[in-house]
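Here is a short structural report for the bench. Please keep the sequence and the model side by side as you read.

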Amino acid sequence: MGPTKEDLARFLKELLDPLAAHTSPGGARIHLGHTGTHFDDVAAQLEGFSRPIWGLSALLGGGGHYEGKQRWVDGFMNGTNPQSEEFWGNMKDRDQRMVECSAIGFSIAVAKEQLWDPLSPEAKTHLEEWLGGMNDKEMPNTNWLWFRVFANLGLSKAGSSRFDAKRMKADLDHLDTFYIGAGWSRDGPEGVVQLDYYSSSFAIQFAQLAYSKLAQNEDPDRCEEYRNRARTFALDFVHYFDEEGQTRTLKLKTEMFNLRASGRAIPFGRSMTYRFAMSSFWGALAFADVELPAPLTWGVVKGLQLRNIRYWAKQAGAYNTDGTLTIGYCYPNHNITESYNSSGSPYWCCKSFVTLALPETHPFWASEEEEYPQALRNTVKALQNPLHIMSNLGGHTMLLSSGQQCSYPVKQSAAKYGKFAYSSAFGYSVPVGNLTLEELGGDNTLALSDDNGETWKCRRVTKEARIENGKWLRSMWYPWDGVEVETWLVPPQKETPLWHLRIHRIKSGRSLSSAEGGFAIHGQREDSRALEPSTGEAFGTHEQDGEARAASKAGVSGIVDLSGERQGKALRTDANTNLIVPRAVMPTLLHDHTAGEKNHWLVTAVFAQPSAENPEGATPGWSAQWTVRPSIPEEIAALMQ
């Protein structure tokens, strides 16, 4: 049968137990570190308290037991009592405390008997007043509105007089205006082109599904609509997850993880430190009892969810030595974080324990775990709403992207939304400085400089983006006045499954230098030393005229200039630029371009094959694919004449 509900519960408890040592005497604050955020430290410690509740409440609501439960009951009592030294503080407009209300409201709705009922009448009144205090406050016009919905949902389940039915309906009606069809919602009003994991697991889809379960009796039509959206969305979202790796035994905490070794999602967008929250959508499908569309089955959904959790269970860099979660991705890394990431933020991942609320007889738990659907392997699929073209040809799960951008300032947004390609195996990189290409972390970008390489600019705001005939992405970028860059992104083809193609037309009124990067890859040899030049399929780097390549235990990554002007370089990026590996090499093409009315055409072929995991390194024989280069589509070639 594979992993059981008990296995998953055990893993959750192993995440909750280390928090005890960091919990305040009254239980209301969990202080996990000394880094700063744009909000106050009390709100940061509230994050540490509230986010684990996603998992704890599911565990308790599903009949489970946790010996440390009283810490959170005490925390509710002291955190909402204005006379307590651990009072969280009343909410103001656009307050970070609002975010944490979603987990608290969910916990009352799901585990009322365990977390609400033990409170004294006075403590209940304080919690009601605190939660209800957000109903007259201004909130960002984003997924944040779901946090107030869940606060009111919790209040309604508690029979509280502070439940505001009118406010909740208005919020829900407005959130529904974010819906753009085919299961997708943008993270904000019309004009926002941001459809990242907040559209799915981090916020909107998860919230819709949880609401559809908890408000079925009161709001049946809306709940059915949300389930219908999820059915459609699931057939797109499955393409963001890679196929399972080979079976092997892992020396980890629980037997649950002595199974498949992969299950990664494609890193894209912000808040990557939430890690396996990425897969919480699959658990929410089960929580909401959604009727699954083929080829998805409960065994497939179970596999998608649990493989992703297993992947994160074996990432040693995701955990501090005391078992608490680090800020980062596959290793501690503050370069990738946003100004709202505190040491408690990573516990948003506890949403992925939502299936603990289900009985063992539920088909999610009763089904045998199944592999990634055969019908979805070796496919390419264009997704119109997020402007992504998904591919898992050749065993490499990746996406091509043009058109998305964060609707407000966020750290490293050009890297998180503006790159040409994102990969489940190779992740993406972010800048750690602004003086050299090594600092730029410019994988899967066309970086341009108008000051001889003193500073570099990468695509952030993309214009006129569209998918043409379901075949490729086409878009415009205007980095400076008098400079225009038109780009076509062509996905891998059956004949050349390890390659994707990029064609750029540059017209510039100023002289420019360009640096185009492929996928950044683990840059060390078997002995942990830096990769050195090599030949054939041996681990190492390769540079020759207009091509560059790097091979290591992570696989192989390469780039080739098919337009015949640029110089290839296996560029060693600065440490800690990449999300997945701290030391990386990035195959890069370099060139200088003169000013003038003439179009400069750049044709780039990008090669990548991830490690087959066991043995490490790309599948032997990959060099034969390296010599078979992709062709420019006839329609694009005609435009180049």
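Helix H4 spans residues 69-79, and its buried residues are Arg71, Trp72, Val73, Gly75, Phe76, Asn78 and Gly79. This comes from a predicted model. What covers these buried residues? The cover includes helix H1 (5-16), helix H2 (41-50) and helix H3 (53-61). It also includes helix H5 (97-110), helix H6 (112-116) and helix H7 (121-132). In general, an α-helix has 3.6 residues a turn, so residues three or four places apart point the same way.

**The chain as a whole**

The chain holds 18 helices and 19 strands. Its radius of gyration is 25 Å, and the globule rule gives 26 Å for 641 residues, so the chain is as compact as a globular protein of that length. Along the principal axes, the C-alpha atoms fill a box of roughly 75 × 50 × 45 Å.

Of the 641 residues, 64% count as buried. Among contacts with a separation of 6 or more, 68% link residues 24 or more positions apart. The accessible surface is about 22,700 Å², and carbon and sulfur atoms make up 48% of that surface. The chain carries 64 positive and 76 negative charges. The mean positions of the two sets are 0 Å apart.

**Cysteines**

How many disulfides does the structure hold? It holds zero. A disulfide is a covalent bond between the sulfur atoms of two cysteines. The cut-off used here is a sulfur pair within 2.5 Å. Why is cysteine 101 not bonded? Its sulfur is 18 Å from the closest cysteine sulfur, in cysteine 350, and that is too far for a bond. Cysteine 101 is also buried, at 0% relative accessibility.

For cysteine 350, the closest cysteine sulfur is in cysteine 349, at 4.4 Å. That too is too far for a bond. Cysteine 350 is buried, with a relative accessible area of 0%.

**Tryptophan 477**

Tryptophan 477 lies in strand E9, residues 472-477. Is this tryptophan buried or exposed? Tryptophan 477 is buried, with a relative accessible area of 7%. The contacts of tryptophan 477, leaving aside neighbours within four places in sequence, include Leu446, Leu448, Lys457, Cys458, Arg459 and Arg460. Val461, Val483, Glu484 and Val485 are also in contact with tryptophan 477. Serine 402 is 75 residues away from tryptophan 477 along the chain, yet their C-alpha atoms are separated by 10.0 Å.

**Backbone details**

Two residues that are not glycine have a positive phi. They are set out here.

| Residue | Phi | Place | Relative accessible area |
|---|---|---|---|
| Serine 271 | about 60° | loop between H11 and H12 | 0%, buried |
| Arginine 275 | about 50° | loop between H11 and H12 | 2%, buried |

Helix H11 covers residues 220-237. Helix H12 covers residues 280-287.

Where is proline 295? Proline 295 is in the loop between helix H12 and helix H13 (298-313). A cis peptide bond joins alanine 294 to proline 295, with omega about 10°.

Notes
Residues are numbered from 1 along each chain as its sequence is written. This is a predicted model: local features need pLDDT of at least 70, side-chain atom pairs count only at pLDDT 80 or more; totals for chains, interfaces and linings use all residues. Side-chain values use heavy atoms; hydrogens and water are left out. Helices (H or I, at least four residues) and strands (E, at least two) are DSSP runs, numbered from the N terminus. The radius of gyration is taken over C-alpha atoms; the globule rule is 2.2 Å times the number of residues to the power 0.38. Buried means under 20% relative accessible area, exposed over 50%, partly exposed in between (1.4 Å probe, protein chains only). Contact means heavy atoms within 4.5 Å. Accessible areas come from the Shrake-Rupley method with a 1.4 Å probe; for residues, only the protein chains shown count as cover. Lys and Arg count as positive and Asp and Glu as negative; His and the chain ends are not counted. The place of a charge is taken as NZ of Lys, CZ of Arg, CG of Asp or CD of Glu.
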